[in-house]
Amino acid sequence: MTSHRPGVTDFVHIGLVVEDLDETVRFLALLGFDCTSPGVFSGEWIDRIIGLENAKVETVMARAPDGRDMFEVVRFHSPFAGAQEPAPAANRPGLRHVAFRVDDVRGVVDRVREAGWDTVGEIVDFANTFLLCYVRGPEGLIVELAERLDGASG
């Protein structure tokens, strides 16, 4: 008989707190995410979960095309956090980036640049397996784009 050890069973979402909800949603939609209409939430249950009083948040759920990966994009109407520090460098400890597979890194990077954002570095061929590139969106959000190259196994 094996015993069940409680723990993680599934990925649910990544919470992303932003000041400019519209710009972040525009960036995620540009990358191919399906974004819901904003919803506004407040109440004791939110206050208790996040440990802040009188919280009022506006939330958009952004789901990847495969339906599995999702951002919960949140703008706080109250309490307000104030000015943020500049976007951290790629080597800053903490949650650095999220990565998603794309079918055309160069095409997505072109769209990102045309929309006013840029890459962190450059597009790199990793071991003839993936083309990889980091793009930096609003408020320092870094998204790694990974295009599997033809002939790569796995």
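I50 sits in helix α2, and in this predicted model its relative accessible area of 38% makes it partly exposed, because that value lies between the limits of 20% for buried and 50% for exposed. Together with F41, W45, I49 and L52, I50 makes a nonpolar surface patch of about 510 Å². Helix α2, which covers residues 44-50, supplies the largest share of this patch, namely three residues.

The loop that leads from α2 to β4 (56-63) contains N54, a residue with a positive phi of about 55 degrees although it is not a glycine. A second asparagine, N128, also has a positive phi of about 55 degrees without being a glycine, and N128 is found in the loop between β8 (124-126) and β9 (130-136). Most residues other than glycine have a negative phi, and most peptide bonds are trans. With a relative accessible area of 61%, N54 counts as exposed, and N128 is likewise exposed, at 59% relative accessibility. The accessibilities of the residues discussed so far are set out below.

| Residue | Relative accessible area | Class |
|---|---|---|
| I50 | 38% | partly exposed |
| N54 | 61% | exposed |
| N128 | 59% | exposed |

A further backbone feature concerns the peptide bond from S78 to P79, which is cis, with omega near -15 degrees. P79 itself is placed in the loop between β5 (70-78) and β6 (98-101).

These local features belong to a protein chain that has three helices and 10 strands, arranged along the sequence in the pattern β-α-β-β-α-β-β-β-α-β-β-β-β. The C-alpha trace of the protein chain spans about 55 × 55 × 30 Å along its principal axes. Among the contacts in the protein chain with a separation of 6 or more, 52% are accounted for by residues 24 or more positions apart.

As for the surface of the whole, 34% of the 154 residues of the protein chain count as buried, while the accessible surface of the chain comes to about 10,200 Å², with 51% of that area belonging to carbon and sulfur atoms. The protein chain carries 15 positive and 25 negative charges, and the mean positions of these two sets are 4 Å apart.

Key: Residues numbered from 1 in each chain as written. Predicted model: local features only at pLDDT ≥ 70, side-chain atom pairs only at ≥ 80, totals over all residues. Heavy atoms only, no water. Helix = DSSP H or I, 4+ residues; strand = E, 2+ residues; numbered from the N terminus. Buried < 20%, exposed > 50% of the residue type's maximum accessible area, 1.4 Å probe, protein only. Contact = heavy atoms within 4.5 Å. Areas by Shrake-Rupley, 256 points an atom, 1.4 Å probe, with all protein chains shown as cover. Lys, Arg positive; Asp, Glu negative; His and termini not counted. Charge placed at Lys NZ, Arg CZ, Asp CG, Glu CD. Patch = residues over 30% accessible without salt bridge, like charges linked within 9 Å, V, L, I, M, F, W, Y side chains within 5 Å. Salt bridge = Lys/Arg side-chain N within 4 Å of Asp/Glu carboxyl O.
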